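Visitor: Before we go through the labels attached to this model, could you show it to me, so that each term can be set against the value behind it?

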Amino acid sequence: TLTVSSSIVSPGTSLSVTVASPAGQQFPAVLLVGTGPFGITPVVKLPATISIAIPGDASFGREHLTAMARTAVGQEVEVTVAVDIMRPDLPTKLTADIPQITFDDQGKVTDISLLAEFSDGSLFRVAESAAVSYVSTNPKVAIARDYGHVLAAGAGQGSIIATYATPGESVRAVIPVIVPAPRFKVTPPSLDFGSVPLRAAVTRELTLTNTFDEPLPISEVSAFPGFVQTNTCVSSTPIPSGGSCTLTVTFVPERVD
């Protein structure tokens, strides 16, 4: 078993961790392994109570502790607990390292880095804190995920709102997001192959047009299983501004879904 004195611990304090065997069993090897500031601690004999000092500048977030043991016959057993590093009080200010996120293309992902300032003047990284939540004002432009991960979904502008909350109180930061228009346009935007007999081949064509003001290099085009493609894009790369190339897609159904 693995128990901790608290599931929430503040930077600059200590966490008491107890590793024990309910049956009183001893193991040839026991390790206490943790993420973040917890590190690795060998355990000589069970039960064992270990005090782990949390650095005063530790980033806020959820960390994990795992007690790992090996039995005399070589079997490995383990148990894990989660511990949130955070302070109980509310920050006075929440800011993002980058005040505005400007993506260079759709489909890209970036991470928000948040800095919380508290009433005593101390600063902590809190992007992955359990107290912080994220929401997008325009999910068609940017999608907000846990721990400050942001996905560029489509062209336009929006904002990510990061909120640090304690019971009855909260403070937030607003990070504007800009996603540019796509560098190329595909016509038609989707393909409908209709009803196709098994192992019969049906072909459709797509036209890719470079809508950007710079040449568009294309190194590879691929298709999902069941589809075969040929194209003039790779051989014509880079596609000049306003230029086009053709993708020919063939569908050969091998089974009925």
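Guide: What follows is a set of questions about how particular labels were reached, and the model they refer to is a predicted one.

Visitor: What makes Arg 70 and Glu 76 a salt bridge?

Guide: The closest N and O atoms of Arg 70 and Glu 76 are 3.2 Å apart, and the cut-off for a side-chain nitrogen of Lys or Arg and a carboxyl oxygen of Asp or Glu is within 4 Å, so the pair is called a salt bridge. The structure holds 6 salt bridges.

Visitor: Why is Glu 76 called exposed, and why is Arg 70 called partly exposed?

Guide: Exposed means over 50% relative accessible area, and partly exposed covers the range between that value and the 20% under which a residue is buried. Glu 76 has 56% relative accessibility and therefore counts as exposed, whereas Arg 70, at 40%, falls in between and so counts as partly exposed.

Visitor: How do you know that Asp 89 and Arg 87 form a salt bridge, and which residues are linked in a network with them?

Guide: The closest N and O atoms of Asp 89 and Arg 87 are 2.7 Å apart, which is within the 4 Å that the term requires, so the label applies. The network of salt bridges links Arg 87, Asp 89 and Asp 120.

Visitor: Is Arg 87 buried or exposed, and what is the class of Asp 89?

Guide: Arg 87 has a relative accessible area of 14%, which is under 20%, so Arg 87 is buried. Asp 89 has 25%, a value in between the two cut-offs, and is therefore partly exposed.

Visitor: Why does the salt bridge of Arg 125 and Asp 97 tie together parts that are apart in sequence?

Guide: Their closest N and O atoms are 2.5 Å apart. Arg 125 lies in strand S13 (residues 123-125), while Asp 97 lies in the loop between strand S9 (93-96) and strand S10 (101-102), so the pair joins parts that are 28 residues apart in sequence. Arg 125, with a relative accessible area of 36%, is partly exposed, and Asp 97, at 41%, also counts as partly exposed.

Visitor: What makes Leu 31, Ile 40 and Met 68 a nonpolar surface patch?

Guide: A residue needs over 30% relative accessible area to be part of a patch, and nonpolar side chains are joined within 5 Å. Leu 31, in strand S4 (residues 29-34), has 36% relative accessibility and so passes the first of these cut-offs while counting as partly exposed. With Ile 40 and Met 68, Leu 31 makes a patch of about 270 Å².

Visitor: Which residues line the largest pocket, and how do they divide by class?

Guide: The lining includes Leu 191, Phe 193, Leu 206, Ser 222, Phe 227 and Gln 229, and the pocket has a volume of about 200 Å³. Strand S21 (227-231) and strand S22 (244-251) are the elements that give two or more residues to this lining. By class there are 9 nonpolar, 2 polar and no charged residues; because Ser and Gln are outside both the nonpolar and the charged lists, Ser 222 and Gln 229 count as polar.

Visitor: What makes one residue in the lining of the second largest pocket charged?

Guide: The second largest pocket, with a volume of about 150 Å³, has 8 nonpolar, no polar and 1 charged residues in its lining. Glu 220 is one of the lining residues, and because Glu is counted as charged, Glu 220 belongs to that class.

Visitor: Why are Tyr 147 and the bond from Leu 46 to Pro 47 picked out?

Guide: Most residues other than glycine have a negative phi, and most peptide bonds are trans, so departures from either pattern are noted. Tyr 147 has a positive phi of about 65° although it is not a glycine, and its place is in the loop between strand S15 (142-144) and strand S16 (149-152). The peptide bond from Leu 46 to Pro 47 is cis, with omega near -5°, and a cis bond also joins Thr 237 and Pro 238, where omega is about -5°.

Methods. Residues are numbered from 1 along each chain as its sequence is written. This is a predicted model: local features need pLDDT of at least 70, side-chain atom pairs count only at pLDDT 80 or more; totals for chains, interfaces and linings use all residues. Side-chain values use heavy atoms; hydrogens and water are left out. On a 1 Å grid over the protein atoms alone, a cavity is a set of points where a 1.4 Å probe fits but cannot get out, and a pocket is an open set with protein on both sides within 12 Å along at least five of seven lines; lining residues have an atom within 4 Å of a point. Grid points are joined across faces, edges and corners, and a volume is the space filled by probe spheres set on the points. Helices (H or I, at least four residues) and strands (E, at least two) are DSSP runs, numbered from the N terminus. Patches are made of residues with over 30% relative accessible area and no salt bridge: like charges are joined within 9 Å, nonpolar side chains (Val, Leu, Ile, Met, Phe, Trp, Tyr) within 5 Å. Accessible areas come from the Shrake-Rupley method with a 1.4 Å probe; for residues, only the protein chains shown count as cover. Buried means under 20% relative accessible area, exposed over 50%, partly exposed in between (1.4 Å probe, protein chains only).
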